[in-house]
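Look at how a protein chain folds, pairs its charges and hides its side chains. This report takes those topics one at a time.

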Amino acid sequence: MGQPVVHFEVMGQDGERLRSYYAELFGWAIDADNPLGYGVVTREGNINADGAGIGGGVGGSPPGYDGHLTFYVEVPDVEAALARAEELGGARRMGPDRIPGTEVEIGQLLDPEENMVGVMSTIPS
């Protein structure tokens, strides 16, 4: 069985403008009321009639970083996935890093054509 896409992310210079844009364009309910100002798009509030959909986020990038659009794949071990990506000709972009205040660890890799893909897992308590 393959590993599922579980999260998407849109990051750019003006997080507020991006959140407004995607909320208007797709009718997404986006909640940025958190310490990071990261606009959370819950799966439950954004599914089709068949129940299909994934959650994600829309936010502002740190100064000096233009932003990105990517998806995240759930993996059992972020470090192992990043190491495997490197073995297969990709590159580690960042991670593994724990998201503050959560049990979630993330990493990002570049595939052989430099497309960014995120990987994430839940850290056992």
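A residue counts as buried under 20% relative accessible area, as exposed over 50%, and as partly exposed in between. Arg98 has a relative accessible area of 44%, so Arg98 is partly exposed. Keep in mind that this is a predicted model.

**Charged pairs**

Side chains of opposite charge can pair when their charged atoms come close. A search of the whole structure finds four salt bridges. The table lists some of them.

| Salt bridge | Closest N to O |
|---|---|
| Glu79 and Arg92 | 2.9 Å |
| Glu86 and Arg92 | 3.3 Å |
| Arg98 and Glu103 | 2.9 Å |

Shared partners join Glu79, Glu86 and Arg92 into one network of salt bridges. What does the bridge between Glu79 and Arg92 tie together? Glu79 lies in helix α2 (residues 78–87), while Arg92 lies in strand β6 (residues 91–98), so the pair links parts that are 13 residues apart in sequence.

Are these side chains buried or exposed? Neither label fits. Glu79 has 34% relative accessibility, so Glu79 counts as partly exposed. Arg92 is partly exposed at 27%. Glu86 is partly exposed too, at 37%. Glu103, the partner of Arg98, is partly exposed with a relative accessible area of 34%.

**Helix α1**

Helix α1 covers residues 15–26, twelve residues in total. From its first C-alpha to its last, helix α1 reaches 16 Å. That is close to the 16 Å expected at 1.5 Å a residue.

Which residues of α1 are buried? They are Gly15, Arg19 and Tyr22. Seen down the axis of α1, the buried residues fall within an arc of 75°, so they line one face of the helix. The face turned away from that buried side carries the exposed residues Glu16, Arg17 and Glu24.

The buried residues of α1 pack against several strands. These are β1 (5–12), β2 (30–31), β3 (39–41), β4 (55–60) and β5 (67–74). Just after α1 comes Gly27, which takes a positive phi of about 70°.

**Nonpolar cores**

In soluble globular proteins, nonpolar side chains tend to be buried together. The largest nonpolar core here has nine residues. They are Val73, Val75, Val78, Ala81, Leu82, Ala85, Leu109, Val117 and Val119. Helix α2 and strand β8 (116–122) each supply at least two residues of this core. The largest share, four residues, comes from α2.

Apart from this core lies another one, of five residues. Among its members are Phe8, Val10, Tyr22 and Val58. Tyr22 is also one of the buried residues of α1.

Now look at Val78, a member of the largest core. Leaving out residues up to four places away in sequence, Val78 touches Pro96, Glu105, Ile106, Gly107, Val119, Met120 and Ser121.

**A buried histidine**

His7 has its place in strand β1. The relative accessible area of His7 is 16%, so His7 is buried. Which residue shares a side-chain polar contact with His7? The partner is Tyr38, at 3.1 Å. Not counting residues up to four places away in sequence, His7 touches Tyr38, Ile54, Gly55, Gly56, Gly57, Phe71, Tyr72 and Met120.

Note on methods
Residues numbered from 1 in each chain as written. Predicted model: local features only at pLDDT ≥ 70, side-chain atom pairs only at ≥ 80, totals over all residues. Heavy atoms only, no water. Salt bridge = Lys/Arg side-chain N within 4 Å of Asp/Glu carboxyl O. Buried < 20%, exposed > 50% of the residue type's maximum accessible area, 1.4 Å probe, protein only. Expected span 1.5 Å × (residues − 1). Arc of directions from axis to C-beta. Contact = heavy atoms within 4.5 Å. Core = buried A, V, L, I, M, F, W, Y, C linked by side-chain atoms within 4.5 Å. Polar contact = N/O pair within 3.5 Å; in protein donor to acceptor, adjacent residues only side chain to side chain.
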